[in-house]
Amino acid sequence: MNDWQRDSWHFDADRRPDVSDASAPEQGPAEPGPESASGSPAAGHGAAPTAGTRPAAGPRRTTADRVTSAGAQWLVSADPAPHRLLARWSRHPTAPGVLPCGTAFDVINVPAVFGRRMLDRLWSEGPGTGPVSVHRSRMLIFAATGTARRLPELLGGAARSRAVPPLLFHGAGDAVAVPPPAGPPRNAGPEWTERGISRWLVAPEVRHPWLPGPEILLRAVVHAARSCCAGADERGGAAESALAPG
């Protein structure tokens with residue numbers, strides 16, 4: 001039995017996350033919370049963050065590849081049969097899963113290289129991110145519910161710019177594959193990725209994770225697109241004008 005299986009897991013239906021609609025206006029920067037000696041937000045500070053708003057405890061930049069028991073509670077809350085999925089993962093923690101979008105989260109699916117540029121923006125100058133996974137050449141950014149509907153509207157003509165690669169928006173009625181909660185086996189080699197098994201870049205660690213909303217992700221998309229065409233001549237200038245926020 002590995003460390004992940006030693007956790008005592010019991011799904012509490014009364015503790016489903018309170019997820020607000022991401023179409024609501026997003027708040028501006030909040031006052032940072034107290035920090036630990038390592039410079040990261042102090043554990044337990046503040047109330048559960050509201051989805052789509054900036055986290056009160058400052059930017060989140062961690063790269064955990066294993067889901068905690070609290071994070072698993074959040075993931076399975078999206079499933080119609082959370083107890084069954086939780087039991088399955090308890091028996092097979094290295095098994096991936098499939099979860100519906102639109103209740104606990106939406107997902108923005110972007111090319112991996114473009115997604116890295118978005119994360120650079122979110123981690124260095126923005127509010128951070130919630131959970132993020134990678135699958136082959138794609139990156140899945142977990143977002144506040146409603147983002148899959150609202151973000152394409154905000155992007156408008158920018159989505160047709162050559163600087164913006166094909167983006168996929170998974171919301172209500174869609175489902176996405178999620179990585180194994182225990183992450184890859186300790187002795188996993190390159191074949192783990194070659195077999196097409198997804199993995200966590202930022203695994204869920206808390207029961208109420210903060211999730212970016214459409215306005216925050218819009219800025220990240222625009223920044224990533226501009227960084228792609230930085231230094232280009234006429235084509236770059238055209239892309240810049242097409243990406244001007246409306």
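Two strands are said to pair if DSSP finds at least two bridges between them, and the exercises below apply this idea, among others, to a predicted model.

**Exercise 1. The sheet**

Determine in which order the strands of the open sheet follow one another, and which strands stand at its edges.

*Solution.* Begin with the strand order: five strands form the open sheet, arranged as β5-β2-β4-β3-β7, and their pairing is antiparallel. Next, look at the ends of that order, where β5 (168-170) and β7 each have a single partner strand, so that one side of each is left without a neighbour in the sheet. Finally, consider how the strands are turned relative to one another: from one strand to the next, the twist averages 25°.

**Exercise 2. Partners across the strands**

Find which residue stands opposite valine 107, and then work out how many bridges link β2 with β4.

*Solution.* The first step concerns β2 and β5, which run antiparallel and are joined by three bridges; here valine 107 stands opposite histidine 170 in β5. The second step turns to β2 and β4, an antiparallel pair with six bridges. Within this pair, asparagine 109 has leucine 140 of β4 as its bridge partner, while aspartate 106 is matched with alanine 143 of β4. The third step is to ask how well these strands are covered: six of the six residues of β2 are buried, and in β4 five of six residues are buried.

**Exercise 3. A hairpin with a positive phi**

Locate arginine 136 and decide whether this residue is buried or exposed.

*Solution.* Start with the two strands on either side: β3 and β4 pair in the antiparallel sense over four bridges, and valine 132 has isoleucine 141 in β4 as its bridge partner. Arginine 136 lies in the loop between β3 and β4, and the hairpin formed by these strands has two residues between them. The backbone of arginine 136 has a phi near 55°, which is a positive value in a residue other than glycine. To settle the last point, recall that exposed means over 50% relative accessible area; at 58% relative accessibility, arginine 136 therefore counts as exposed.

**Exercise 4. The nonpolar cores**

Identify which residues have the most contacts inside the largest nonpolar core, and state which element supplies the largest share of this core.

*Solution.* The largest nonpolar core contains 29 residues, and those with the most contacts inside it are Met118, Leu119, Met139, Ile141 and Leu217. Several elements each supply at least two residues of this core, among them α4 (112-124), β3 (132-135), α5 (147-155) and α7 (214-229). The largest share, eight residues, comes from α7. To see one member in its surroundings, take leucine 217: leaving aside residues up to four places away in sequence, the residues that it touches include Ile108, Met118, Leu122, Ile141 and Leu151. There is also a second, separate core of 23 residues, which includes Val67, Leu85, Cys101 and Val107. As a general background, nonpolar side chains tend to be buried together in soluble globular proteins.

**Exercise 5. Two helices and a buried serine**

Establish which residues of α5 are buried, and then where serine 77 is found.

*Solution.* In α5, the buried residues are Thr147, Ala148, Leu151 and Leu155. These residues cover an arc of only 90° around the axis, which puts them on the same side of α5. Just after this helix, glycine 156 takes a positive phi of about 55°.

Now move to α2 (69-76), a helix that is mostly covered, with six of its eight residues buried; the buried residues are Gly71, Ala72, Gln73, Trp74, Leu75 and Val76. What covers them includes α3, β1 (97-100), β4 and β7.

The last step follows the chain into the loop between α2 and α3 (82-91), where serine 77 is found. Since buried means under 20% relative accessible area, serine 77, with a relative accessible area of 6%, is buried. A polar atom of the side chain of serine 77 lies 2.5 Å from the backbone oxygen of tryptophan 74.

Notes
Residues numbered from 1 in each chain as written. Predicted model: local features only at pLDDT ≥ 70, side-chain atom pairs only at ≥ 80, totals over all residues. Heavy atoms only, no water. Core = buried A, V, L, I, M, F, W, Y, C linked by side-chain atoms within 4.5 Å. Buried < 20%, exposed > 50% of the residue type's maximum accessible area, 1.4 Å probe, protein only. Contact = heavy atoms within 4.5 Å. Axes fitted to C-alpha atoms, helices over the stretch in contact; angles between N-to-C directions. Polar contact = N/O pair within 3.5 Å; in protein donor to acceptor, adjacent residues only side chain to side chain. Arc of directions from axis to C-beta.
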